[in-house]
Amino acid sequence: GDALEPARHFAQHGFVVRPTLAVAAAKATPELAQEPVLGPLYWPGGNPVAEGSTVTNPDLADALSILATEGSAALLTGALADAIVETIQAGGGYLSHADLSVHRTTSIEPDHVEFAGHRMWQMPAPTQGPAVLAALRDLPSEGAIEWGDAYRAVAAGMSEAGFDPAAVRTGAPSPAKGDTTFIAVVDHDGTGVSLITSVFGDFGSHLGVKSLGGPIHNRATTFRLAARALGPGKPPHTTIPGMITGPGGALRYVLGVAGGVMQPQTQVQLTLRALLENRAPQEAIDMPRFKICFGGALALEPDHPLASVYPEALDQNPGPEGFGAAQMVGWHGGELMAGADARRGGSALVIE
């Protein structure tokens, strides 16, 4: 209850619309303005919410109150589960109460790789965490960064982990126009926490569930993008928090990225910037990035070192995810620092 109370408060009493939500709502107006659950929330009177306006969501507040009392089981049984199943089946989907009843949350052990006197920790399969570890395992952990090697190591690591962007079919644009939310927090005692979550598209499946005050996600879109048969962990999902520990196991950084296929790519690049170039979190985040796009094309931000070798990559459209949105919090030069990505309106704060 204590953990959920801030979210419940904002849902009940309102939150101010940021530019990201205002832009997403404007883009989705033709598709969602009349959706019975999402429409009243984000298109009041048929118009998209504007930056600076306030959105209240009492249904979400009620759902959070139920979760505070009953725990996550309330999403698998009872009234909330009933509402989820009814909404999906009414929309032509196949989720059933039997599916929810057999859900099990599994325990995992994080994996790691030694790099530049540190350990990079990642979630194991079925995430793309192994792609980060595989790339770093193939790269020198001292000396100047060879960006051509980094580009090739990232491509090979993602392929090894089971999601090769070059193998993704390109053509009609994906209906998903949004992605992930990542939050990193580190306290002055050295405890780090990260939260990463994703409904995939800006408004998920576009199926709003009134009892939840929001949509069901549409992360299964990845199956179509990767042209894979349905199956557990195929392809791996992108929601990967990262952690770097230093000598003796002390926490150095908590980091993560919003941006789908850009998540493992950015984590590798941030690690190189921080550990090999000794850049502080915000400086590491601000440095130009490369991106391996769907179909295999390379995209570069201005002034990236690879531009001299691949000048055409400066004109390559990186797609709706852009070059990702990162957060990185931890110690640089013995001082606790935080960085967040201006590419998508991120914010960072150090509280003394």
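The legends below describe close-up views of charged side chains in a predicted model.

**View 1. A salt bridge within helix α1 joins R8 and E5.** The closest N and O atoms of R8 and E5 are 3.0 Å apart, and the two side chains form one of the 11 salt bridges that the structure holds. Both residues belong to helix α1, which covers residues 5–13, and they are separated by 3 residues, or about one turn of the helix. E5 counts as partly exposed, because its relative accessibility is 34%.

**View 2. K210 and D59 form a salt bridge between distant parts of the chain.** In this pair the side chains meet with an N to O distance of 2.9 Å, although K210 and D59 are 151 residues apart. K210 is placed in the loop between β7 (208–209) and β8 (214–215), whereas D59 is part of helix α5, which covers residues 58–70. With a relative accessibility of 53%, K210 counts as exposed, while D59, with a relative accessible area of 24%, is partly exposed.

**View 3. A buried aspartate, D341, forms a salt bridge with R343.** The closest N and O atoms of D341 and R343 lie 2.8 Å apart. D341 counts as buried because its relative accessibility is 2%, and the cut-off for that class is under 20%. Its partner R343, at 30% relative accessibility, counts as partly exposed.

**View 4. R273, E277, R279 and E283 belong to one salt-bridge network.** These four residues, R273, E277, R279 and E283, are joined through salt bridges that share partners.

**View 5. E35 is buried and has no salt bridge.** E35 is found in the loop between α3 (29–32) and α4 (38–42). The nearest side chain of opposite charge is that of K210, which is 10 Å away; a salt bridge would need a side-chain nitrogen of Lys or Arg within 4 Å of a carboxyl oxygen, so K210 does not form one with E35. The side chain of E35 instead reaches two backbone nitrogens, that of L38 at 2.6 Å and that of G208 at 3.1 Å. Leaving aside residues up to four places away in sequence, E35 touches P40, H206, L207 and G208, and G208 is thus both a residue that E35 touches and one whose backbone nitrogen the E35 side chain reaches.

Conventions: Residues are numbered from 1 along each chain as its sequence is written. This is a predicted model: local features need pLDDT of at least 70, side-chain atom pairs count only at pLDDT 80 or more; totals for chains, interfaces and linings use all residues. Side-chain values use heavy atoms; hydrogens and water are left out. Helices (H or I, at least four residues) and strands (E, at least two) are DSSP runs, numbered from the N terminus. Buried means under 20% relative accessible area, exposed over 50%, partly exposed in between (1.4 Å probe, protein chains only). Lys and Arg count as positive and Asp and Glu as negative; His and the chain ends are not counted. A polar contact is a pair of N or O atoms within 3.5 Å; within protein, one must be able to donate a hydrogen and the other to accept it, and residues adjacent in sequence count only if both atoms are side-chain atoms. Contact means heavy atoms within 4.5 Å.
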